[in-house]
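The exercises below are meant to be worked through with the sequence and the structure side by side. Please try each task before reading its solution.

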Amino acid sequence: MLIVAYGFRYCAPFRRNLLNYATLLHSTSHLSSRFHYSRDSLSRMERYFSGSGIKKNSAMVGNLQRFGVISSQKVVEVMQTIDRALFVPNGASAYDDSPMGIGYNVTISAPHMHATCLQLLEEHLKPGMHALDVGSGTGYLTACFAVMVGPQGRAVGVEHIPELVSSSIENIQKSEAASYLKEGSLSVHVADGRLGWPEHAPYDAIHVGAAAPEIPGPLIEQLKPGGRLVIPVGNLFQELQVVDKNMDGSITVRSETSVRYVPLTSREAQLRGN
Ligand SMILES: C[S@@+](CC[C@H](N)C(=O)[O-])C[C@H]1O[C@@H](n2cnc3c(N)ncnc32)[C@H](O)[C@@H]1O
């Protein structure tokens with residue numbers, strides 16, 4: 001069974017249905033049976049988001065804008081700067097709005113989930129800020145973070161599969177974020193992301209790319225007052241939670257949307273497939 005990372009819901013209902021289609025193609029039958037779509041909207045969506053219609057990164061970003069997933073110009077700019085094709089396995093349809101297997105029982109998240117998380121974190125990814133990407137996988141979002149926070153900022157990826165860390169570094173080296181890696185404002189580390197990465201804490205922005213049964217304490221601790229953590233939480237049923245640390249250190253949590261991500265777990269459990 002393909003394990004996927006995608007969202008179920010978006011801002012406008014009609015757009016939501018269209019956007020959900022590509023991801024539902026990869027869903028498990030018991031989950032997809034909970035959603036109903038007209039054949040018309042499904043075939044329209046297929047034309048827009050299947051590999052046949054989208055050949056270029058900018059067209060993919062344009063479609064995400066057209067369907068209301070991206071409203072921020074900054075997110076448009078960074079997703080146009082970092083070419084997704086450099087981060088997907090060779091021969092994969094890079095610009096499909098779909099998660100894709102990258103080995104080790106995990107996926108690169110779908111473009112609409114990357115866009116959603118970038119947008120939720122945008123105000124916390126300004127030049128000079130510190131960002132942590134837990135479960136950095138291919139390195140795509142870590143590269144986007146590095147571009148957004150710039151050379152005076154700090155973008156840190158933490159991933160527990162050493163082979164993925166190596167390949168993510170190769171991906172980043174081919175991308176527009178290569179200079180940040182070379183100059184040291186971007187780094188990727190092999191570690192258990194549930195513990196965060198204290199060395200460069202506190203963080204203005206923390207993104208978690210895998211679903212935790214509950215929000216890990218160290219990630220809250222490593223969040224700066226005024227900072228934001230975006231994390232999928234749950235097991236079979238998951239919510240993308242937005243956790244804001246207030247200036248007095250208290251936290252406010254809200255759910256953005258229902259999602260389905262691979263678990264934030266131990267390396268052994270992931271490689272066993274459970
Ligand atoms: C759905 S993938 C997303 C990867 C990344 N956001 C991307 O789009 O390329 C989730 C990633 O989290 C990693 N992961 C899961 N549990 C982890 C843990 N405890 N510590 C660090 N990484 C973890 C997986 O190996 C996988 O690469």
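A residue is taken to be near a molecule if its C-beta atom, placed from the backbone, lies within 6 Å of it. The model used throughout these exercises is a predicted one.

**Exercise 1. The surroundings of the ligand**

Task: Find which residues come nearest to the ligand, and work out which elements give two or more residues to the shell around it.

Solution: Begin with the shell as a whole, which holds 27 residues around the ligand, and among these Gly135, Gly137, Thr138, Gly193 and Gly209 come nearest. Next, assign residues to elements: strand E3 (106-108), H7 and strand E5 (154-159) are the elements that give two or more residues to this shell. The largest share is that of E3, which supplies 3 residues. Finally, sort the shell by class, which yields 13 nonpolar, 11 polar and 3 charged residues.

**Exercise 2. Helix H5 against helix H7**

Task: Describe how helix H5 packs on helix H7, and decide which word for their orientation applies.

Solution: Two packed helices are described by the angle between their axes and the distance between the axes. For H5 (residues 73-81) and H7 (residues 140-149), the angle is about 120° and the axes are 10 Å apart. Angles from 65 to 115 degrees count as roughly perpendicular and those over 145 as roughly antiparallel, so an angle that falls between these ranges is called oblique. H5 is therefore oblique to H7, and the crossing in which H5 passes H7 is right-handed. On the side of H5 the contact is made by Lys74, Val78, Met79 and Thr81, while H7 contributes Cys144, Val147 and Met148. Sorted by class, this contact has 5 nonpolar residues, 1 polar and 1 charged.

**Exercise 3. Helix H5 against helix H6**

Task: Repeat the analysis for H5 and H6, and then determine how many residues of H6 are buried.

Solution: The axes of H5 and helix H6 (residues 111-121) come within 9 Å and cross at roughly 135°. With that angle, H5 is oblique to H6, and their crossing is right-handed. The residues that make the contact are Val75, Val78 and Met79 of H5, together with Ala115, Leu118 and Gln119 of H6. By class they divide into 5 nonpolar, 1 polar and no charged residues. For the second part, 9 of the 11 residues of H6 are buried, so this helix is largely enclosed by the rest of the structure. Among the buried residues of H6 are Ala115 and Leu118, both of which also take part in the contact with H5.

**Exercise 4. Backbone geometry**

Task: Examine the backbone at Tyr104, Asn105 and Pro202, and state what phi or omega is found there.

Solution: The background is that most residues other than glycine have a negative phi, and most peptide bonds are trans. Tyr104, although not a glycine, has a positive phi of about 60°, and Asn105 also has a positive value, with phi near 65°. Tyr104 is placed in the loop between strand E2 (100-103) and E3, and Asn105 lies in the loop between E2 and E3 as well. Tyr104 has 17 other C-beta atoms within 10 Å and is partly exposed, while Asn105 is partly exposed with 19. Turning to Pro202, the peptide bond that leads to it from Ala201 is cis, with omega near 0°. Pro202 lies in the loop between strand E6 (186-190) and strand E7 (203-208).

**Exercise 5. Partners distant in sequence**

Task: For Asn171 and for Val190, decide whether the residue is buried or partly exposed, and name its contacts beyond four places in sequence.

Solution: Asn171 lies in helix H8 (residues 162-174). A residue is buried if 20 or more other C-beta atoms lie within 10 Å of its own, so Asn171, with 26 such neighbours, counts as buried. Beyond four places in sequence, Asn171 touches Leu86, Phe87, Thr138 and Gly139. Gly139 is 32 residues from Asn171 in sequence, yet their C-alpha atoms are 7.2 Å apart. Val190, found in strand E6, has 14 other C-beta atoms within 10 Å and is partly exposed. Its contacts, with neighbours within four places left aside, are Glu159, His160, Pro162 and Val165. Val190 and Pro162 are 28 residues apart in sequence and 5.7 Å apart from C-alpha to C-alpha.

Key
Residues numbered from 1 in each chain as written. Predicted model: local features only at pLDDT ≥ 70, side-chain atom pairs only at ≥ 80, totals over all residues. Axes fitted to C-alpha atoms, helices over the stretch in contact; angles between N-to-C directions. Helix = DSSP H or I, 4+ residues; strand = E, 2+ residues; numbered from the N terminus. Parallel < 35°, antiparallel > 145°, perpendicular 65-115°, else oblique. Left-handed = near helix turned anticlockwise from the far one by under 90°. Contact = placed C-beta atoms within 7 Å. Nonpolar A, V, L, I, M, F, W, Y, C, P; charged D, E, K, R; others polar. Buried ≥ 20, exposed ≤ 12 C-beta atoms within 10 Å, placed from the backbone.
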